[in-house]
Structures are given as C-alpha cells and as structure tokens.
Amino acid sequence: MLVSVSLLLMIASLVTLHTGRVKSLEHKILLNTQNQAQSAATALGGLAHGMSRIQVDSGWLGQEHTIMLDNNLRAKVWADFHQVPRNNMNLHWATVYASGESADEQSHHHVSEQVLRYPFLNTVPPAPLISAIELPANLPFTLGANPNGGGQGVPVSVWSDKPIPNIDVDSRTCSLQLFDESRCAFDMYSTDSQLGSDLLKEHSAFPGDVLSYLFNISMNDWRILKSEVSLIASDCDEATVTGQRVIWVQSECALNVGQHIGSDSVPVILVLANSALLMPADSRIFGLVVFLSTLNPAPEKRIAMAASAQLNGALVLLSPIEVAMSQLSVRYHASVLARLHVDADMQRLGKVSGSWRDF
C-alpha cells in the first residue's frame, strides 16, 4: 500500500513538473512571438518615417538616426541615395533601411525598401500657350513669348498640333520686355495680318497626350491626377487657395480684383476641370493653368482676363473655350515654371515595386 501511494505521489509530481515546463515553454513562445511582432511593427514604423523624411527634407543625406515610437519603442533609420539622370535633371532614388527592436531589446527586425523621388510636373512647358484644341480665329490674346522656346534665341508663343490659319485682330505676340512695358502692339512677332514663326502650328513634336507629357498621367486617368493634388476646391476663394501648391477647381474660378494666386517664389499648378476662369482687374496667377474637361462631350467654358489681369507662367488648353466671352493675357515665366519642376514640396515619392525586404 505504501509503495502504491509513493508511486502515485511520484507520478503526480512528474505530471506537475511536466505541466510546469510546458507552461513555461508556452510562455516563452508567446513572449517571443509578441517580441517579434513588436520589433517588426517598430521597423515598419521606422521605414515609414524614413520615406516621409525623404519627402519633406531635401537636405537629408541618409545619416542614421534613432526615432522614438509609442511605448518607448525605438527604431533606427538610414538611407542610401543615388541619382538617375532624366529630362536634363538628376532624379533621386533611395534605399531606405529601418531596424526595430522590442521593448525588452530581445527581438530585432530589419526591413528596407526603395523609393524614387520625382517631380510632380514632369517637364517645364516650352510656351506661354499650349493648345491641344484648334484655336478659334476670333479668340483675342496677348502673349509674352518664351525667348528660347525653339532653341537659343528662338521665341515661341504658341505650341499646337492644330492648324492656325489666322488669329483675331486684337491678338498679338511679342517679346517679354515689350510685354512687361505694355508695348506689345509696337513690335509684334505675330499679328492678324502676319503670322510669325513663333506660332508652332501642326507641330510634329507635339505630344499625343498633353496630360501625360506634363504629369506622366494619361488623360484617361485624370482621376489619378485629381488624387495627387493638394486641394480640391469648388472655387478660387482667396482664403481657401492661399498656401496651396496644386489646386483642382471643379466649378467657376473667379478671382477678386487685385487677388493673387501663387507668387514668383511660390507658384502654383491650377487645374480647372470643367471650370471657367474669370480674372478681373489687377488679378494675377503665378504658375501653370491647365484647362481641361472630364465630360464627354466637353462643354465650352470661358477664360476671361481683364486688360490688367495676367497669368505669369503658361496656359494649357485641353478643352474648348467659350470664345464670345474670353480673352487671354499670358506672360511666359521660365523661373516660375522651373520652380514647379524642382521645388522640394513639388516632388513626389513612388515605391519601387518588388524592392521591399525584411532580411
């Protein structure tokens, strides 16, 4: 009897010991799993931070630094930068690295991914007026030409793949100096009686898809362009659009007298989708205006600029104009358009497909 009790006690002790060991092992496995998940999440947080820093800090050269996340979690972040020549400028692509660790520092996780930093505006427009539509003969305009649009010293005022048989009697193109001095009528490149070589008509190099030429987004994919803008607005109210760089307007864009949208140092891209543009006296827009329609058939909309109103940059016509109430005054501004191409906050990030690694 004593032997049986002793055996039962021994078996019970062994079972208890085994159960304790199993529970301890399960706890260690659970803790390791939690630590692994924690370090992986921390590393991903660090990776996201690194990509955001590339977006907002053009001066970051990829130096390693530590960031603090919630619950005292830490991640180390660094990057390797490279250059790719494209469209006469050096684009940057980078491999971003991040290392995360668990709160008890027992688990470490490493991830990396490549990104390309590219300009939202793919190329600088070469003329003050770019038209994918046939310019109406009775559309009055005054254009300050790009002095080097056709090569050094070769001015270009209009770039189109459509014929330009004649222009309105009140239309004229001239040099930037004469435009700025309000003396365009004194020495013109083109008039209704003589069309000059600054009007590039039926041009063989004109892009088949102007939106793709400007933004690497085809006209059929205009919703993608809309998704990448800074602001979607129903009008051009000064309090709404001030401080924005890329604005999509989907109703009438009517400026106030003397209102400025953008500036020489901080120009804008204004996309007018099925929208009219009304610029009263002394109003100004600095940047690129894209006049397009997302409807089929495209409705005619007016672009009415007062005599003292002015667009400094370039105008792109992708949809028809209501000519009876329209008038254009556009001065080509190379430095304004160049800023839209190179400014840090006009750059976008694209992840390189298949580049993500967790080893």
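## A tour of pockets and cores

Start with the largest pocket: select Thr142, Phe179, Ser182, Ala307 and Ser329, which lie nearest its centre among the 18 residues that line it. Keep in mind as you look around that this is a predicted model.

Next, colour three elements: β6 (141-144), α2 (176-180) and β19 (328-332). Each of them gives at least two residues to the lining of the largest pocket. The space inside this pocket comes to about 350 Å³. What mix of residue classes will you find in its lining? There are seven nonpolar, six polar and five charged residues.

Now move to the second largest pocket, which holds about 180 Å³ of space. To see its lining, select Ala132, Asp161, Lys162, Phe206, Pro207, Gly208, Asp209, Val210, Leu211, Met219, Ser293 and Leu318. By class, this lining has seven nonpolar, two polar and three charged residues.

Time to leave the pockets and visit the largest nonpolar core, a group of 37 residues. Which members touch the most other members? Select Leu270, Leu277, Ile285, Ile303, Leu315 and Leu317 to see them.

Stay with Leu317 for a moment and show its contacts, leaving aside neighbours within four places in sequence. You will find Leu129, Ile130, Ser131, Ala132, Ile133, Leu135, Phe291 and Ile303. You have already met Ala132 in the lining of the second largest pocket.

For the last stop, look for another core, which lies apart from the largest one and has 30 residues. Select Val229, Leu292, Val316 and Tyr332, which are among its members.

Key:
Residues are numbered from 1 along each chain as its sequence is written. This is a predicted model: local features need pLDDT of at least 70, side-chain atom pairs count only at pLDDT 80 or more; totals for chains, interfaces and linings use all residues. Side-chain values use heavy atoms; hydrogens and water are left out. A nonpolar core is a set of buried Ala, Val, Leu, Ile, Met, Phe, Trp, Tyr and Cys residues joined through side-chain atoms within 4.5 Å. Buried means under 20% relative accessible area, exposed over 50%, partly exposed in between (1.4 Å probe, protein chains only). Contact means heavy atoms within 4.5 Å. On a 1 Å grid over the protein atoms alone, a cavity is a set of points where a 1.4 Å probe fits but cannot get out, and a pocket is an open set with protein on both sides within 12 Å along at least five of seven lines; lining residues have an atom within 4 Å of a point. Grid points are joined across faces, edges and corners, and a volume is the space filled by probe spheres set on the points. Helices (H or I, at least four residues) and strands (E, at least two) are DSSP runs, numbered from the N terminus. Ala, Val, Leu, Ile, Met, Phe, Trp, Tyr, Cys and Pro count as nonpolar, Asp, Glu, Lys and Arg as charged, and the others, Gly among them, as polar.
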